[in-house]
Amino acid sequence: MEVKLKDTERIDDLQLKGLKVIQDKNGFCFGIDAVLLANFAKVKKRAKVVDLGTGTGIIPVLIAGKSEAEKIVGVEIQEEVWEMANRTVKLNDLQERVEIVKGDIKTIDKQLEVHGYHVATSNPPYMHMNGIQNPNDKKAISRHEVLCDLEDVIRAASRLVMPRGKFFMIHRPIRLVDIVTLGRKYNLEPKVIQFVHPRANKAPNLVLVEFTKDGRPELKILDPLYVYDKDGNYTKEIEEIYANEDIGE
């Protein structure tokens, strides 16, 4: 389906089943973290999924392409970004499976069905509010905890996923203690952690976490994931993630 683009927008090919995403060159554009999260999430056939802070809708679109999920709901608070995400859904003819809801993560349980989702995902803002010059800037809202913080995201995920449901998140390793502590506060038990390193012999700069609602305490640490090899190219593991067309269990 054809959609109209604004002057500062472009269409990027996701290299997955012909799927594309609309992005604003002056706004926040998705990176490898969204791709890693969509691949890390385990989504069963006919599952209902909710993505918190969906931005341009990249994670719902990737999950739609990689799984047989029945319904994927993206939640976005920024009007312009929400509208752009809706155009991305139409661009890919995914209206029957993907819905982008304009809403606040802090109160989203008043809009969406409580405990109604098998899976929740989130690639939330990583940075604290410290030093923000323009709290209304789209990039600042996407990167910093301007409109919601880590606890808001984890609380919302706990409210929306059903018992034994899953929550998958990507964040910074420096927040790992907060992530685990807040998860347990809201009955989300961390079950799997994978650290993402820019390259071998470098400290991790991302961490993927899988939670189970009301799960038993037992944590598995996966082998580290390295993004670039010594020559600056994607590693074999990253290339396989980009090529992977199936995230179902």
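**Exercise 1. Two helices in contact**

Identify the residues through which α5 and α6 meet, and classify the angle between the two helices in this predicted model.

*Solution.*
Step 1. On the α5 side, the residues in contact are Leu150, Glu151 and Ile154. On the α6 side they are Asp178, Ile179, Leu182, Gly183 and Lys185.

Step 2. Two packed helices are described by the angle between their axes and the distance between the axes. Helix α5 covers residues 150–160 and helix α6 covers residues 176–185. Their axes come within 9 Å and cross at roughly 40°.

Step 3. An angle under 35 degrees would count as roughly parallel, and the roughly perpendicular range is 65 to 115. The helices α5 and α6 are therefore oblique to each other.

Step 4. The crossing of α5 and α6 is right-handed.

**Exercise 2. Helix α1 and its partner α7**

Determine how α1 and α7 are oriented to each other, and state how far α1 is covered.

*Solution.*
Step 1. The axes of α1 and helix α7, which spans residues 236–243, come within 10 Å and cross at roughly 70°.

Step 2. The range 65 to 115 degrees counts as roughly perpendicular. Hence α1 and α7 are roughly perpendicular to each other.

Step 3. From α1, the residues Ile32, Val35, Leu36 and Asn39 make the contact, and from α7 the residues Ile238, Ile241 and Tyr242.

Step 4. Helix α1 runs over residues 32–40 and is mostly covered, with 8 of its 9 residues buried. The buried residues of α1 include Val35, Leu36 and Asn39, which also take part in the contact with α7.

**Exercise 3. Aromatic pairs**

How many aromatic pairs does a search of the whole structure find? Describe the pair of Phe40 and Phe168, then the pair of Tyr234 and Tyr242.

*Solution.*
Step 1. The search finds 4 aromatic pairs.

Step 2. A pair of aromatic rings is described by the distance of the centres and the angle of the planes. For Phe40 and Phe168 the centres are 5.8 Å apart and the planes stand at 90°, an edge-to-face pair.

Step 3. Phe40 belongs to helix α1 and Phe168 to strand β7 (residues 161–171), so this pair ties together parts that are 128 residues apart in sequence. Both Phe40 and Phe168 are buried.

Step 4. Tyr234 and Tyr242 form a stacked pair, at 5.5 Å centre to centre and 20° between the planes. Tyr234 is partly exposed at a relative accessible area of 32%, and Tyr242 is partly exposed at 32%.

Step 5. Tyr228, Tyr234 and Tyr242 form one aromatic cluster.

**Exercise 4. Lysines over rings**

Which rings lie under Lys42 and Lys48?

*Solution.*
Step 1. Lys42 lies over the face of Phe40, at 5.6 Å from the ring centre.

Step 2. Lys48 has its charged end over the ring of Tyr117, 5.2 Å from the centre of that ring.

**Exercise 5. Two isoleucines in strands**

Are Ile11 and Ile193 buried, partly exposed or exposed? Name their contacts beyond four places in sequence.

*Solution.*
Step 1. Ile11 is in strand β1, residues 9–13, and Ile193 is in strand β8, residues 188–199.

Step 2. The cut-off for buried is under 20% relative accessible area. Ile193, at 3%, counts as buried, whereas Ile11, at 36%, counts as partly exposed.

Step 3. Beyond its sequence neighbours within four places, Ile11 is in contact with Leu5, Lys20, Val21, Ile22 and Leu91. On the same basis, the contacts of Ile193 include Leu176, Val207, Leu219 and Leu222.

Step 4. Ile11 and Thr88 are 77 residues apart in sequence, and their C-alpha atoms are 8.9 Å apart. Ile193 and Phe211 are 18 residues apart in sequence, with 9.1 Å from C-alpha to C-alpha.

**Exercise 6. Positive phi in loops**

Where do Gln15 and Asn187 lie, and what phi values do they have?

*Solution.*
Step 1. Gln15 lies in the loop between β1 and β2, and Asn187 in the loop between α6 and β8.

Step 2. Phi is near 55° for Gln15 and near 60° for Asn187. Each is a positive value in a residue other than glycine.

Step 3. Gln15 is exposed at 62% relative accessible area. Asn187 is partly exposed at 45%.

Notes. Residues are numbered from 1 along each chain as its sequence is written. This is a predicted model: local features need pLDDT of at least 70, side-chain atom pairs count only at pLDDT 80 or more; totals for chains, interfaces and linings use all residues. Side-chain values use heavy atoms; hydrogens and water are left out. Buried means under 20% relative accessible area, exposed over 50%, partly exposed in between (1.4 Å probe, protein chains only). Helices (H or I, at least four residues) and strands (E, at least two) are DSSP runs, numbered from the N terminus. Contact means heavy atoms within 4.5 Å. Rings of Phe, Tyr and Trp (its six-membered ring) pair if their centres lie within 6.5 Å; planes under 30 degrees apart count as stacked, over 60 as edge-to-face and the rest as tilted. A charge sits over a ring if NZ of Lys or CZ of Arg is within 6 Å of the ring centre and within 35 degrees of the ring normal. Axes are lines fitted to C-alpha atoms, for helices over the stretch in contact, and angles run from 0 to 180 degrees between N-to-C directions. Angles under 35 degrees count as roughly parallel, over 145 as roughly antiparallel, 65 to 115 as roughly perpendicular and the rest as oblique. A crossing is left-handed if the near helix is turned anticlockwise from the far one by less than a right angle, and right-handed if clockwise.
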